[in-house]
Amino acid sequence: VSAAPPDQQQEQPDRRQLPPDQGEELIHHLERDQLVAETFRPVQRARLSRRVTISLWALRIFAVALGVMVIYTFIARL
Amino acid sequence: MATPEVTALPPFLGAPPLTDEDRARSRDRSRVHHARKHERRWYLMWLLVGPGILAMIGENDGPSMIAYASDGAQYGLGFFVPFIPLLFAMAFVVQEMAMRIGAVTHRGYGELVLQRYGKVWGWFGAGDLCLTNLVTLIAEFVAIRVGLAYFHLGAGVAVGLGLALVLFTLRGGRYWHWERTVLGLAVFNGLFLVAAILVKPHLGSVASSLSFSPFPHGSFNTLLLLLASTIGATVTPWMIFFQQSASADKGMTPGDVRHGRYDTALGAVLASVFGLGALIAGAALLPHSGSGIQGFAGAGFPQALDRISGGAAGTVFALGLIEAGALAILTISASTAYAAGECIGVAHSFNTSPRNAGVFYAANVGVALIAAVVILIPGAPLLSIALNANVLATVLLPVSLVFVLMLANDRGLMGRWANRRSTNVVGIAVAAFVAICGAAYAIDSFLQAIHGVGA
């Protein structure tokens, strides 16, 4: 959830020079899960049903087969 | 999993340490907050547009514009005048989902698929992307070469120009700088509209072709190629990777989804209008044996337009091809870089310096460099590669579309921003249409290649 934006800010100076309260102001422009430290935390793995998994594999094999056909046709027509 | 360098900052209560990437993104977000707070609507729009326009106009690349011009030169305006906007409407449905997923999860397509559904699916997707991107990038360099050939400049200049642009836009270590520079280049995609005006089309014939007629004539395989390559000219895997990752990199949030839709819709409209420009310019060649022009086998279209409609039309069309190729090199290289960083699990942002995101920047430059080297190989089948780039993208696209639909319906990730039923109906219809057209062309061409049947 976004925190409230500051009243007056256009161009930010180097934050390393700022005291903690203004640094905190900077972080409030971002949602917490936008921070790099948070985005590098993996999302939970989804549990796919057997039917979905089989369908995905079928689609993948279908796409690979078509890709091979296109590449074969490309080479054959050279 | 590697993490980017974290610089020392004063400790905040309960907040993780800020990186340079966080600071850069926060500066961009502070302007968005300020514009929203003071109800500066147009300024807010200006701040939030970018990924959608770049994905859509980036797909108006060299091969696509040549495909539209070829359609016009071979079949005229009929069928294509309504068909191209229809395809961009399909692209809007897909790209809106990608933008929404990026804004809500703050993560790119590659990393979400990899983390949510497993490494196998993540790497398959990245593999598809790398293959189609490499082939397409080769085609982009070819398009630049075709445009430059009109000005009597060779392949070396095309390679130098493309690589110099990639390096130029990567300076600065800021997403905002990269996006605005590339948006500035995207404006010149409008040259195709200028070319269309210069050929002085008959407005009545443009209007009358809105009825999807006459339907293109020719063999079954030719029609399938036409459909597959035109679809591949409007919706491709790299657009999905790019827009989702760029939306996250830009710092978009669920509160920006409405503006993200405007951005994507504006991109679709502009790309559609500019694509129609290329079609109309090409259609000017129809009464002059335009179907015989091989666009990639030299400076075919610019020179033909030069003869038929004057030097200005040829020059503008050639400049448009150079721009279209150059813009696509930037966006497609960026999508490769995002995918590489996301799948390997290292820093993947234009807001990070090259020192802290080596893989991201190396992939960005590296893929463009490999494509550039290929077009310098004497005797390389550039014409065939360019013509097959869109078709390959079309046959591999359905898998990406299915995962976008799965992510956009994942309530664990998307919450109340998950797809509505109507979006799912349209999204599934788009995926099915693309899969059927791609499969029909691939199978028919394959049968012709091995048995000489199916025509």
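Two residues are taken to be in contact when heavy atoms lie within 4.5 Å. With that in hand, the pairing of helix 5 and helix 14 of chain B in this predicted model can be read residue by residue. On the helix 5 side, the participants are B:Phe80, B:Val81, B:Ile84, B:Pro85, B:Phe88, B:Phe92, B:Gln95, B:Glu96, B:Met99, B:Arg100 and B:Ala103. Their counterparts in helix 14 of chain B are B:Val257, B:Gly260, B:Arg261, B:Thr264, B:Ala265, B:Ala268, B:Ala271, B:Ser272, B:Gly275, B:Leu276 and B:Leu279. Sorted by class, this contact comprises 14 nonpolar, five polar and three charged residues. As for geometry, helix 5 (residues 80-105) and helix 14 (residues 257-283) of chain B have axes 9 Å apart and pack at an angle of about 155°. Because angles over 145 degrees count as roughly antiparallel, helix 5 of chain B is described as roughly antiparallel to helix 14 of chain B. The crossing of these two helices of chain B is right-handed.

Helix 14 of chain B also meets a second partner, helix 2 (residues 41-48) of chain B, with the axes coming within 9 Å and crossing at roughly 70°. Helix 2 of chain B is therefore roughly perpendicular to helix 14 of chain B. Here B:Leu44, B:Met45 and B:Leu48 of helix 2 meet B:His259, B:Tyr262 and B:Asp263 of helix 14. By class, the residues of this contact are four nonpolar, one polar and one charged.

A third pairing involves helix 3 (residues 51-58) and helix 9 (residues 175-186) of chain B, whose axes are 10 Å apart at an angle of about 45°. These two helices of chain B are therefore oblique to each other, and helix 3 passes helix 9 in a left-handed crossing. Helix 3 of chain B contributes B:Pro51, B:Ile53, B:Leu54 and B:Ile57 to the contact, while helix 9 of chain B contributes B:Tyr175, B:Trp178, B:Glu179, B:Val182, B:Leu183 and B:Ala186. The contact of helix 3 with helix 9 of chain B has nine nonpolar residues, no polar ones and one charged.

We can now turn to the nonpolar interior. In soluble globular proteins, nonpolar side chains tend to be buried together. In this model, the largest nonpolar core has 153 residues, and those with the most contacts inside it are B:Trp178, B:Phe242, B:Phe317 and B:Phe403. Helix 18 (residues 382-408) of chain B gives the most to this core, with 17 residues. Apart from that core lies another, of six residues, including B:Ala35, B:Leu44, B:Leu47 and B:Trp176. Leaving out residues up to four places away in sequence, B:Phe242 touches B:Pro51, B:Leu54, B:Ala55, B:Trp178, B:Thr331, B:Ala334, B:Ser335 and B:Tyr338.

Two further buried residues show contacts between parts of chain B. B:Ala408 sits in helix 18 of chain B and is buried, with a relative accessible area of 0%. The C-alpha atoms of B:Ala408 and B:Asn419 are separated by 5.6 Å, although the two residues stand 11 residues apart along the chain. Beyond residues up to four places away in sequence, B:Ala408 touches B:Met97, B:Arg100, B:Ile101, B:Met414, B:Ala418 and B:Asn419. B:Leu148, in helix 7 (residues 119-149) of chain B, is likewise buried, at 6% relative accessibility. From B:Leu148 to B:Ala318 the C-alpha distance is 7.0 Å, across 170 residues of sequence. The contacts of B:Leu148, leaving aside neighbours within four places in sequence, are B:Leu153, B:Gly154, B:Val157, B:Ala158 and B:Ile322.

The backbone offers two details in loops of chain B. B:Phe79 is not a glycine, yet has a positive phi of about 75°; this residue is placed in the loop between helix 4 (62-75) and helix 5 of chain B. B:Lys200, also not a glycine, has a positive phi of about 55° and lies in the loop between helix 10 (191-198) and helix 11 (203-208) of chain B. B:Phe79 is buried, with a relative accessible area of 9%, whereas B:Lys200 is exposed at 68%.

Finally, chain A has three helices and zero strands, running α-α-α from the N terminus on. Of the 78 residues in chain A, 37% are buried.

Terms used. Residues are numbered from 1 along each chain as its sequence is written. Chains are lettered from A and ligands numbered from 1 in the order in which they are written. This is a predicted model: local features need pLDDT of at least 70, side-chain atom pairs count only at pLDDT 80 or more; totals for chains, interfaces and linings use all residues. Side-chain values use heavy atoms; hydrogens and water are left out. Axes are lines fitted to C-alpha atoms, for helices over the stretch in contact, and angles run from 0 to 180 degrees between N-to-C directions. Helices (H or I, at least four residues) and strands (E, at least two) are DSSP runs, numbered from the N terminus. Angles under 35 degrees count as roughly parallel, over 145 as roughly antiparallel, 65 to 115 as roughly perpendicular and the rest as oblique. A crossing is left-handed if the near helix is turned anticlockwise from the far one by less than a right angle, and right-handed if clockwise. Ala, Val, Leu, Ile, Met, Phe, Trp, Tyr, Cys and Pro count as nonpolar, Asp, Glu, Lys and Arg as charged, and the others, Gly among them, as polar. A nonpolar core is a set of buried Ala, Val, Leu, Ile, Met, Phe, Trp, Tyr and Cys residues joined through side-chain atoms within 4.5 Å. Buried means under 20% relative accessible area, exposed over 50%, partly exposed in between (1.4 Å probe, protein chains only).
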